[in-house]
Amino acid sequence: MVEVTVTPQSSLADRPVQIRVRGLSPSQLVTLRAWLKDEQGECFQSRAFFHADAAGEVDPGLHAALGGSYSGVWPMGLLWFLQPDTLFRRLVKRDVAGSPFRVRLEVFDGLGMGTDPREQPLASCEAERWYVGPGVQRVPIREGRVRGALFLPP
């Protein structure tokens, strides 16, 4: 049974996570896809192609991506190379304290561009990427023409 995991499942956006796929056939060619919808409903996604190792596992921190949104060994490549479906959009988090970005990770058999909505992933999981840690207080700043926010640790 194929399984994809993100460790830790919930983390701050600037912290590294480990993505692993288990349960594949040795040397199986797979596509890992990451995607999320921003606060305006715009979809951002990345994908990378991998060969499973002899144990039937894929770890982007150890195994080189053969192509897709990037190539080579990039442990966080699927998250760093997210691109918008609509040109000239930027991934911006406005509500940094209230909710995380929920990144969906999916594994597909073979080289997949994800254009067929009927294509079912072999496995999937979801990771939460928070921009403010627990207990951090946000204080709005309005002084003269200065506008901003002060984030105070617990």
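**View 1. R20 and D59 pair up in a salt bridge.** In this predicted model, the closest N and O atoms of R20 and D59 sit 3.9 Å apart. R20 belongs to strand β3 (residues 18-22), while D59 comes from the loop between β5 (43-51) and β6 (67-68), so the pair ties together parts that are 39 residues apart in sequence. Is D59 buried or exposed? With a relative accessibility of 8%, D59 counts as buried, because the cut-off for buried is under 20%.

**View 2. R22 and E57 form a salt bridge too.** Here the closest N and O atoms are 3.9 Å apart. Again the pair links distant parts of the chain: R22 is in strand β3 and E57 in the loop between β5 and β6, 35 residues apart. R22 is partly exposed, at 30% relative accessible area. Zoom out a little and there's a network of salt bridges that links R20, R22, E57 and D59.

**View 3. K93 meets E39 in a salt bridge.** The N to O distance for this pair is 2.9 Å. Which parts of the chain does the pair tie together? K93 lies in the loop between β7 (83-84) and β8 (101-109), and E39 in the loop between β4 (29-37) and β5, so the parts brought together are 54 residues apart in sequence. The two partners don't fall in one accessibility class: K93 is buried, with a relative accessible area of 12%, whereas E39 is partly exposed at 33%. For the chain, the salt-bridge count comes to seven.

**View 4. I141, V146, L150 and L152 make a nonpolar surface patch.** The patch covers about 290 Å². Strand β11 (residues 146-152) supplies the largest share of the patch, three residues. I141 comes from strand β10 (residues 137-143). At 31% relative accessibility, I141 counts as partly exposed, and it can join the patch because patch residues need over 30% relative accessible area.

**View 5. A cis peptide bond runs from T7 to P8.** Omega for this bond is near -5 degrees. P8 is in the loop between β1 (3-7) and β2 (10-12). Most peptide bonds are trans, which is the reason for giving this one a panel.

**View 6. S27 and F88 have positive phi values.** Most residues other than glycine have a negative phi. S27, which is not a glycine, has phi near 65 degrees and sits in the loop between β3 and β4. F88 isn't a glycine either, and its phi is about 70 degrees. Where is F88 found? F88 is in the loop between β7 and β8, and with 82% relative accessibility it counts as exposed.

**View 7. The whole chain has one helix and eleven strands, for placing the close-ups.** Along the sequence, the pattern is β-β-β-β-β-β-α-β-β-β-β-β. The C-alpha atoms fill a box of roughly 60 × 35 × 25 Å along the principal axes. Of the 154 residues, 38% count as buried. Among contacts between residues at least 6 apart in sequence, 53% join residues at least 24 apart. The accessible surface comes to about 9300 Å², with 53% of it belonging to carbon and sulfur atoms. As for charge, there are 18 positive and 17 negative side chains, and the centres of these two sets lie 9 Å apart.

Key. Residues numbered from 1 in each chain as written. Predicted model: local features only at pLDDT ≥ 70, side-chain atom pairs only at ≥ 80, totals over all residues. Heavy atoms only, no water. Helix = DSSP H or I, 4+ residues; strand = E, 2+ residues; numbered from the N terminus. Buried < 20%, exposed > 50% of the residue type's maximum accessible area, 1.4 Å probe, protein only. Contact = heavy atoms within 4.5 Å. Areas by Shrake-Rupley, 256 points an atom, 1.4 Å probe, with all protein chains shown as cover. Lys, Arg positive; Asp, Glu negative; His and termini not counted. Charge placed at Lys NZ, Arg CZ, Asp CG, Glu CD. Patch = residues over 30% accessible without salt bridge, like charges linked within 9 Å, V, L, I, M, F, W, Y side chains within 5 Å. Salt bridge = Lys/Arg side-chain N within 4 Å of Asp/Glu carboxyl O.
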